[in-house]
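Work through the following exercises with the model open beside you, and try each task before you read its solution.

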Amino acid sequence: MRFLLDSRVSPAVSGLSPDPGKDAVKDSVIESLRSRILHIERHAPRRGASAVPENSPLPRSRRRLRWELGCPACDDLLPRGLEANSLHEIKGVPSAIHGASAADWMAGIGFAARLAVRRIDTFAAGEEAHASSSMAGSGIGPWVLWCWPRQLAGEFGSPSAAGLASLGLDPSRLIIVETARAGDALNAIEESLRAQSLAVVIGIVEEAELTPARRLSLAAGETATPCLLVTHPASEPAGATATRWRVQRGGSAPHTFDPRAPGAPRFSIALERCRARPESAARSPMLLEWSDETRRFDLASIVADIPAQARGADGRAVPAAVRAY
Amino acid sequence: MPSQQPFALIESGAHGLAIVAVNETAARLGIEAGTSLADARAAHPDLLSRPAEPEKDRIALLKLARWAGRYGPNRHIDGNDGLWIDVSGVAHLFGGEENLLNDMTQHLLSFGVAVQAGLADTLGAAHALARFGCPPDAAWSMAPVSETHAAIGFLPVEALRLDASRILLLKRLGLRHIGQLYDIPRDSLARRFRSSDVAAAVLVRLDQALGAMEEPRRPMLPPPVLSVARAFAEPLISSEALEAFTNELANELAAALAAKDLGVRVLRLTFYRADGTSGTIAAAMSTPCHDARHMMALLSEKFSSIDAGFGVDILRLDAVRAGKRGANQKGFGSPQGAAFRDPSELVDRLVNRLGRDAITVLRPNGSHIPERAEIRLPALDVLAAETSSRVASYTPPWPYPKRLLRPAFMLSRPEPIQVTAGVPDGPPASFIWRRVERRVARAEGPERIAPEWWRTLYLDEDQKRPRTRDYYRIEDQQGAMYWVFRHGLYEGEEGSERPSWFLHGLFA
């Protein structure tokens with residue numbers, strides 16, 4: 001970023017004398033201008049400093065403004081973790097040029113849902129409260145809102161409580177919003193972000209244009225409620241997002257006990273945009289593995305794949321007949 | 001219709017066409033309701049007629065009753081040609097009862113409705129005054145508070161809402177005015193009639209008119225718990241003014257609710273336009289609310305839909321339903337108590353905008369069949385039920401183990417797929433879903449889910465029996481995961497229909 005320090009800003013800055021007192025004033029003015037610019041750009045101050053000013057209307061307990069994926073290799077890409085006061089876009093990889101299959105969507109949605117689990121866990125841990133992961137199902141965790149247009153719900157079916165519980169979300173603390181039109185969904189997401197009642201909002205829409213995306217981003221910033229926006233894999237990316245992730249499903253990890261069964265889910269992740277550290281966006285994709293036990297992402301170990309190769313040679317009887325229906 | 005022309009509404013009766021109603025000119029000529037049209041035509045050949053439409057009359061009367069809500073929330077139609085309005089505690093808004101009556105009769109006359117109004121302490125007395133007590137030169141007559149005896153004493157006994165046969169009997173006894181009944185001891189009045197129920201009927205009507213006996217009546221709409229209203233000398237047209245006054249009403253209502261320790265659950269704003277029409281906007285809350293700011297947030301979204309027309313001269317805000325606002329414990333040492341606001345306000349706003357069924361929550365349901373094991377309920381109702389049950393935010397636990405691997409999305413109806421699989425219980429090797437073939441890389445299963453046995457108990461021979469499902473969790477070569485099931489078994493199940501395969505869910 002470039003900015004011009006105009007001498008009209010403050011008479012103290014224009015002084016050319018090497019007076020140390022004036023230098024101190026100059027430094028403090030520059031510092032205050034920097035912090036103002038940071039504030040305008042809604043970037044929290046650098047690592048370590050309190051992210052929210054003391055006079056913020058948010059209660060002290062809400063001042064957890066970041067969360068991480070749990071995997072150091074990935075978290076190092078982000079200077080401050082995932083910012084809670086921002087909009088994060090997640091896109092699948094389209095399997096065709098114009099269209100996307102349900103599987104492409106599912107990769108993005110699955111990644112978003114697990115980021116939401118991370119957010120809730122981080123939040124609970126920050127409250128140094130009653131056990132983090134045991135919160136699921138106990139009905140005392142924070143609420144999560146899920147919003148999508150009816151047309152997508154018709155294609156993928158409805159979120160299932162049992163399935164959400166196996167992802168790690170508490171189904172009894174989930175509000176599902178289904179709107180008739182995509183525009184309504186964006187409005188509802190914005191309204192939810194402003195409500196200060198939710199730990200995270202997961203929005204699934206075809207596309208968010210610049211203006212709605214900017215509105216969502218501002219609403220998220222006001223209340224430090226993060227918004228995870230899953231958009232159509234083949235649509236134009238939304239502007240005004242803090243990060244954008246491109247997610248593809250990798251073959252799952254080998255199952256601990258059954259070599260023929262799917263194991264822990266793996267995602268191939270590329271960070272396409274990172275407002276806080278643009279140079280991170282150029283990195284090559286990495287393969288992450290989600291663990292249901294530790295509830296965090298980890299780098300998938302390729303070496304661990306070796307037992308999977310023995311799959312064919314397990315001596316299991318070939319079915320007597322194979323029929324097609 | 002030229003008003004000077006005699007005019008009658010007719011209806012086909014037992015003896016040909018009969019007149020049911022006449023206009024003023026016809027009445028002056030001596031044409032009465034009940035005479036046959038032929039007779040009337042013989043005397044007055046220029047009499048115009050139209051068939052009567054009682055159904056339309058009734059609808060018009062109901063419309064009028066809706067309009068009459070501006071004079072009091074409790075009102076309904078009375079017979080085929082009357083309205084009653086409970087104006088208790090309302091008259092001061094119009095500057096006294098006389099002014100209220102003047103205002104109402106002038107409005108009705110300006111709509112072209114002939115009106116006779118009566119105002120009294122009881123419904124019976126008001127009825128008598130309206131129908132029998134109006135002086136010829138006035139549109140209304142009023143019995144001052146607790147002077148009912150005197151006010152209706154001179155009215156004929158017909159005013160008592162009795163059967164014609166009983167009226168006839170009273171007249172035969174020489175009792176022509178209501179006042180004559182006052183002086184007769186009740187026991188001797190009963191003795192004068194042959195049967196005791198005639199006497200009882202007369203006494204009941206008399207007591208109701210005089211207020212000695214309660215007369216239950218059902219208003220058109222359930223009466224609101226609390227209601228605040230404001231009348232304006234000059235009709236309001238700008239939406240800013242409407243909003244500002246609604247805000248005042250909301251503050252007033254909130255104060256009244258707080259004083260009674262109540263919270264509103266259903267809120268209704270009614271605006272009466274100067275031309276006699278009215279409109280409403282309503283909002284529902286998931287928890288009892290006495291916060292004017294929240295009420296306004298819900299109402300103001302719908303302000304754009306208000307059509308002020310020729311201006312709004314009365315605004316009324318009703319708490320249609322209200323609930324006790326209990327103290328709500330946030331949970332014992334729950335850290336989230338302070339961190340997050342209750343989501344009920346958000347739910348209210350979303351419901352207000354998107355409709356009740358668009359905002360749902362998942363709750364357990366009594367079944368082990370995957371699509372029946374959970375149910376989606378409107379969040380508005382669930383949050384209301386869960387906050388009103390005094391146990392702070394307790395939700396019943398889910399009935400299945402936490403680590404059960406189930407798909408995040410369940411298709412609303414399992415979709416048939418074509419599968420290549422091993423017999424009898426091998427997992428699919430490949431399948432075609434939505435016209436795309438997918439090769440299966442890994443599979444886990446079967447997980448057998450038996451049908452609910454209690455549903456099969458009373459099935460007839462020819463009815464289809466629910467079949468066993470064998471579920472598989474499969475992953476295709478692209479890494480996408482699906483939940484598929486084989487409906488039916490290859491062997492060992494009654495009804496030898498071949499099993500079919502369905503895709504039921506998608507793992508995220």
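**Exercise 1. A sheet in chain B**

How many bridges join S8(B) to strand S11 of chain B, and do these strands run parallel or antiparallel? Find then the sheet to which they belong, its edges, and the helices that lie on it.

*Solution.* Keep in mind from the start that this is a predicted model. Begin with the pair itself: S8(B) and S11(B), the latter covering residues 312-324, are joined by 7 bridges and run antiparallel. One position to look up is B:Ser227, which has B:Asp318 of S11(B) opposite.

Next, widen the view to the whole sheet, which is open and has 4 strands of chain B in the order S8-S11-S9-S10, with antiparallel pairing. Strand S8 (226-236) and strand S10 (278-289) of chain B each have a single partner strand and stand at the edges, so one side of each is left without a neighbour in the sheet. On average, neighbouring strands here are turned by 15 degrees against each other, direction ignored.

Finally, add the helices. Helix H11 (residues 239-259) of chain B packs on the sheet and touches S8, S9 and S11 of chain B, while its direction makes about 155 degrees with that of S8(B). Helix H12 (residues 292-300) of chain B lies across S9 and S10 of chain B and runs at about 135 degrees to S10(B).

**Exercise 2. Parallel and antiparallel partners of one strand**

Determine in which sense S1(B) pairs with S3(B), and in which sense with S2(B).

*Solution.* Take S3(B) to begin with: strand S1 (residues 7-13) and strand S3 (residues 48-51) of chain B pair in the parallel sense over 4 bridges, and B:Ile10 stands opposite B:Pro51 of S3(B). Turn now to strand S2 (residues 16-22) of chain B, which runs antiparallel to S1(B) and is joined to it by 6 bridges. In this pairing, B:Glu11 has B:Ala18 as its bridge partner. The link between the two strands can also be seen, since S1(B) and S2(B) form a hairpin with 2 residues between them.

**Exercise 3. A sheet with strands from two chains**

Which strands stand at the edges of the open sheet of 11 strands? Examine also one parallel pair within this sheet and the helices that lie against it.

*Solution.* Write down the order of the strands, which is S12(A)-S11(A)-S10(A)-S9(A)-S3(A)-S8(A)-S7(A)-S4(A)-S6(A)-S12(B)-S13(B), with mixed pairing. Strand S12 (296-299) of chain A and strand S13 (374-378) of chain B stand at the edges with a single partner strand each, so one side of each is left without a neighbour in the sheet. Neighbouring strands are turned by 30 degrees against each other on average, direction ignored.

For the parallel pair, look at strand S4 (residues 143-149) and strand S6 (residues 174-179) of chain A, which are joined by 6 bridges; here A:Pro149 stands opposite A:Thr179 in S6(A). Helix H7 (residues 182-193) of chain A packs on the sheet, touching S4, S6, S7 and S8 of chain A, and its direction makes about 170 degrees with that of S7(A). Helix H8 (residues 210-223) of chain A, in turn, lies across S3 and S8 of chain A, running at about 130 degrees to S3(A).

**Exercise 4. Two helices in contact**

At what angle do H5(B) and H10(B) pack, and which residues make the contact?

*Solution.* Helix H5 (residues 123-132) and helix H10 (residues 196-210) of chain B pack at an angle of about 90 degrees, and their axes are 5 Å apart. The two helices are therefore roughly perpendicular to each other. On the side of H5(B) the contact is made by B:Gly124, B:Ala125 and B:Ala128, and on the side of H10(B) by B:Arg205, B:Gln208 and B:Ala209.

**Exercise 5. Nonpolar cores**

Which residues of the largest nonpolar core touch the most other members?

*Solution.* This core has 172 residues, and those that touch the most other members are A:Ala116, A:Val144, A:Ile175 and A:Val177. Helix H4 (residues 102-126) of chain A gives the most to the core, with 15 residues. Another core, of 9 residues, lies apart from it and includes B:Phe7, B:Ala18, B:Val22 and B:Leu47.

Note on methods: Residues are numbered from 1 along each chain as its sequence is written. Chains are lettered from A and ligands numbered from 1 in the order in which they are written. This is a predicted model: local features need pLDDT of at least 70, side-chain atom pairs count only at pLDDT 80 or more; totals for chains, interfaces and linings use all residues. A nonpolar core is a set of buried Ala, Val, Leu, Ile, Met, Phe, Trp, Tyr and Cys residues joined through C-beta atoms within 7 Å. A residue is buried if 20 or more other C-beta atoms lie within 10 Å of its own, exposed if 12 or fewer, and partly exposed in between; C-beta atoms are placed from the backbone. Two strands pair if DSSP finds at least two bridges between them. Axes are lines fitted to C-alpha atoms, for helices over the stretch in contact, and angles run from 0 to 180 degrees between N-to-C directions. Two residues are in contact if their C-beta atoms, placed from the backbone, lie within 7 Å. Angles under 35 degrees count as roughly parallel, over 145 as roughly antiparallel, 65 to 115 as roughly perpendicular and the rest as oblique.
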